[in-house]
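Hi everyone, thanks for coming. I'd like to walk you through one structure this morning, so let me put it on the screen.

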Amino acid sequence: AEYMGRVFQMRPAGNVTYLEEFVKNLADVPKDLYQVFALIGELDSKCIACGEDMDRASKSHVVALKRAIKHHTENSEEDKEALQKIETQHKECLKLCKEKIDLANRAYDVIDNHIRRLDDYLSRFENELRETGGAESQKDNQTKEDDSKDVDMPIDPNEPTYCICHRVSFGEMVACDNPECKVEWFHFECVGLKKQPKGRWFCPECTENNNKKRQKKM
């Protein structure tokens with residue numbers, strides 16, 4: 001896995017890595033969501049049909065009421081049954097709507113559970129990076145030091161330069177953990193370090209830029 005510009009191997013969680021475990025659990029999500037949305041679609045069709053029936057029954061009942069008022073007659077048993085039918089249809093529509101809401105909440109829970117699991121894996125992964133970051137940076141710095149054992153040797157004009165001093169690599173060096181850092185590598189003496197820093201380390205320029213970004217968000 002690539003993180004902060006460096007490549008790390010995630011330790012297995014059981015017999016699989018965090019990513020493999022997450023992808024394995026994620027494979028069934030589209031199928032589960034499809035089933036839920038298909039049920040919502042069926043309920044929606046039933047709800048529309050029920051609403052249309054209720055609308056027709058309501059209009060017919062209103063016509064009957066107007067006729068009864070006009071002729072000064074009492075409501076017939078047929079009119080009372082029509083009203084009860086409308087009430088029953090109304091309750092059925094409400095029931096269908098509630099079932100749709102329950103299904104929508106189920107779909108939300110499916111996605112939310114996977115997001116929570118991913119957050120947990122990322123948290124565990126970041127903890128591992130903190131544990132292995134120092135050793136990884138030390139290994140990188142040792143490689144830089146081995147590549148430039150003799151500083152007094154003639155310098156190739158095409159050799160890349162590093163650090164705020166714009167000199168070639170030599171001695172002990174530290175890498176900035178900002179993958180977008182323009183300089184990337186720094187000599188210990190140029191940034192006031194005497195030993196390899198623990199955990200993540202940012203150069204003075206990147207530290208200042210990060211502080212400015214945080215202040216703008218506030």
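Let's start with helix H2, residues 29-70. Helix H2 has 42 residues, and from its first C-alpha to its last it reaches 61 Å, close to the 62 Å expected at 1.5 Å a residue. Please keep in mind that this is a predicted model.

Which residues of H2 are buried? Reading along the helix, they are Val29, Leu33, Val36, Ile40, Leu43, Cys47, Cys50, Met54, Ala57, His61, Ala64 and Ala68. As a reminder, an α-helix has 3.6 residues a turn, so residues three or four places apart point the same way. Have that in mind as you run your eye down the list. Just after H2, histidine 72 takes a positive phi of about 55°.

Now, one of those buried H2 residues deserves a second look: Cys47. Its relative accessibility is 14%, and so it counts as buried. Cysteine 97, on the other hand, counts as partly exposed, because its relative accessibility is 29%.

How many disulfides does a search of the whole structure find? The answer is zero. Cysteine 47 is in no disulfide, and the nearest cysteine sulfur to it belongs to cysteine 97, 3.7 Å away. Why is there no bond between them? Seen from cysteine 97, the closest cysteine sulfur is the one in cysteine 47, and at 3.7 Å it is too far for a bond. The cut-off used here is 2.5 Å between the sulfur atoms.

Let me step back to the whole protein chain. There are four helices and four strands in it, and along the sequence they follow the pattern β-β-α-α-α-β-β-α. The chain has 218 residues, of which 28% count as buried. It exposes about 16,100 Å², with carbon and sulfur atoms supplying 53% of that area. As for contacts with a separation of 6 or more, residues 24 or more positions apart account for 56% of them.

My last stop is strand S4, residues 185-187, where we find histidine 187. Is histidine 187 buried or exposed? It is buried, because its relative accessible area is 1%. And what is it in contact with, leaving aside neighbours within four places in sequence? Two cysteines are on the list, Cys163 and Cys165, along with Arg167, Val168, Ser169, Phe170, Glu172 and Met173.

That's my tour. Thanks for listening, and I'm happy to go back to any part of it.

Notes: Residues numbered from 1 in each chain as written. Predicted model: local features only at pLDDT ≥ 70, side-chain atom pairs only at ≥ 80, totals over all residues. Heavy atoms only, no water. Helix = DSSP H or I, 4+ residues; strand = E, 2+ residues; numbered from the N terminus. Buried < 20%, exposed > 50% of the residue type's maximum accessible area, 1.4 Å probe, protein only. Contact = heavy atoms within 4.5 Å. Areas by Shrake-Rupley, 256 points an atom, 1.4 Å probe, with all protein chains shown as cover. Expected span 1.5 Å × (residues − 1).
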